[in-house]
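Dear colleague,

I am handing over the structure we spoke of, and I would be glad if you could look through it with the notes below beside you.

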Amino acid sequence: MSTVNPQIESSWLSALYDQFSQPYFEALKNFLVEEKKKYRIYPPGSEIFAAFNYTPFSDVKVVILGQDPYHGPGQANGLCFSVHDGIRKPPSLQNIFKELSNDLDYHVPENGNLEKWAKHGVLLLNATLTVRANQAGSHQRKGWEQFTDAAIRKLSDEKQNLVFILWGKYAQAKEPMIDPFKHFIIKSAHPSPFSAERGFFGSKPFSKTNEYLESQNLPAINWQL
């Protein structure tokens with residue numbers, strides 16, 4: 001596993017241990033080794049599993065599902081929709097912050113680093129954990145989806161009262177993996193500029209999440225960055 005990143009947080013290592021010995025995961029590692037010989041890959045190796053490392057299995061309260069890491073220089077940091085400090089906020093993230101401001105009357109953060117959310121129990125999980133520079137979707141269907149689907153199923157099966165936030169059709173395709181009797185599912189259009197006006201704006205996912213958590217006598221998320 002050293003070619004990917006051996007430092008995955010211990011509770012996730014235990015939860016997903018059976019995945020690392022699967023043939024698909026070995027094939028994925030071999031694919032990444034060859035990719036790195038020819039191309040620049042994002043995010044850096046130390047950040048591939050950042051979503052898991054910032055939000056241990058035991059701490060997950062909310063799951064936000066993305067599709068791919070950002071493929072521009074310096075953008076991807078291993079958390080879906082998030083960018084490193086000092087990087088210009090991509091359009092989808094700008095729209096997320098606009099909805100956050102309208103929903104909870106919070107000020108729009110100056111930077112787009114979502115590490116604080118991750119540390120407070122929001123698993124910011126992309127379906128695909130790596131990408132070739134400047135080529136969106138280039139690492140899809142190489143094995144990552146099988147790994148992250150296993151993580152979603154594990155959360156659904158072994159935890160209670162999680163909030164799953166599914167923005168757009170790609171994330172909503174994961175809904176059959178989630179037990180709706182144990183968890184709360186929030187669905188809307190994707191925050192992309194191409195779809196945000198068709199149901200993302202005004203969907204109030206942040207206040208709905210906190211209302212549900214509080215109804216279950218669980219701590220609300222502090223969404224202010």
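The side chain of Ser11 comes to 3.0 Å from the backbone nitrogen of Phe57, in what is, please bear in mind throughout, a predicted model. Ser11 itself belongs to helix α1, which covers residues 10–15, and, leaving aside residues up to four places away in sequence, it touches Pro56, Phe57 and Ser58. If you want a longer-range reference from the same residue, the C-alpha atoms of Ser11 and Ser156 are separated by 15 Å, although these positions lie 145 residues apart along the chain.

Turning to the sheet, 4 strands form an open arrangement in the order β3-β2-β5-β6, with parallel pairing. Because β3 (122–126) and β6 (184–188) stand at the edges and each has a single partner strand, one side of each is left without a neighbour in the sheet. Neighbouring strands are turned against each other by 20 degrees on average, direction ignored. Strand β5, residues 163–167, pairs with β6 in the parallel sense over 5 bridges, and Ile165 stands opposite Ile186 in β6.

Two helices that pack on this sheet deserve a look. Helix α6 (residues 144–158) touches β2, β3 and β5, and its direction makes about 150 degrees with that of β3. Helix α8 (residues 205–215) touches β2, β5 and β6, its direction making about 160 degrees with that of β5.

As for open space, the largest pocket holds about 440 Å³ and is lined by 24 residues, of which Gln67, Asp68, Pro69, Tyr70 and Asn126 lie nearest its centre. The elements that give two or more residues to this lining are β2 (62–66) and α7 (168–172). By class, the lining of the pocket consists of 11 nonpolar, 12 polar and 1 charged residues.

There is also 1 cavity of 30 Å³ or more in the structure, and the space in the largest cavity comes to about 30 Å³. Which residues line the largest cavity? They are Leu65, Gly66, Ala127, Thr148, Ile152, Tyr170 and Lys174, with β2 and α6 each supplying at least two residues of the lining. Sorted by class, this lining has 4 nonpolar, 2 polar and 1 charged residues.

With best regards

Conventions
Residues numbered from 1 in each chain as written. Predicted model: local features only at pLDDT ≥ 70, side-chain atom pairs only at ≥ 80, totals over all residues. Heavy atoms only, no water. 1 Å grid on protein atoms, 1.4 Å probe; cavity = no way out; pocket = protein on both sides within 12 Å on 5 of 7 lines; lining within 4 Å. Points joined across faces, edges and corners; volume = space filled by probe spheres on them. Nonpolar A, V, L, I, M, F, W, Y, C, P; charged D, E, K, R; others polar. Pairing = 2+ DSSP bridges. Axes fitted to C-alpha atoms, helices over the stretch in contact; angles between N-to-C directions. Contact = heavy atoms within 4.5 Å. Polar contact = N/O pair within 3.5 Å; in protein donor to acceptor, adjacent residues only side chain to side chain.
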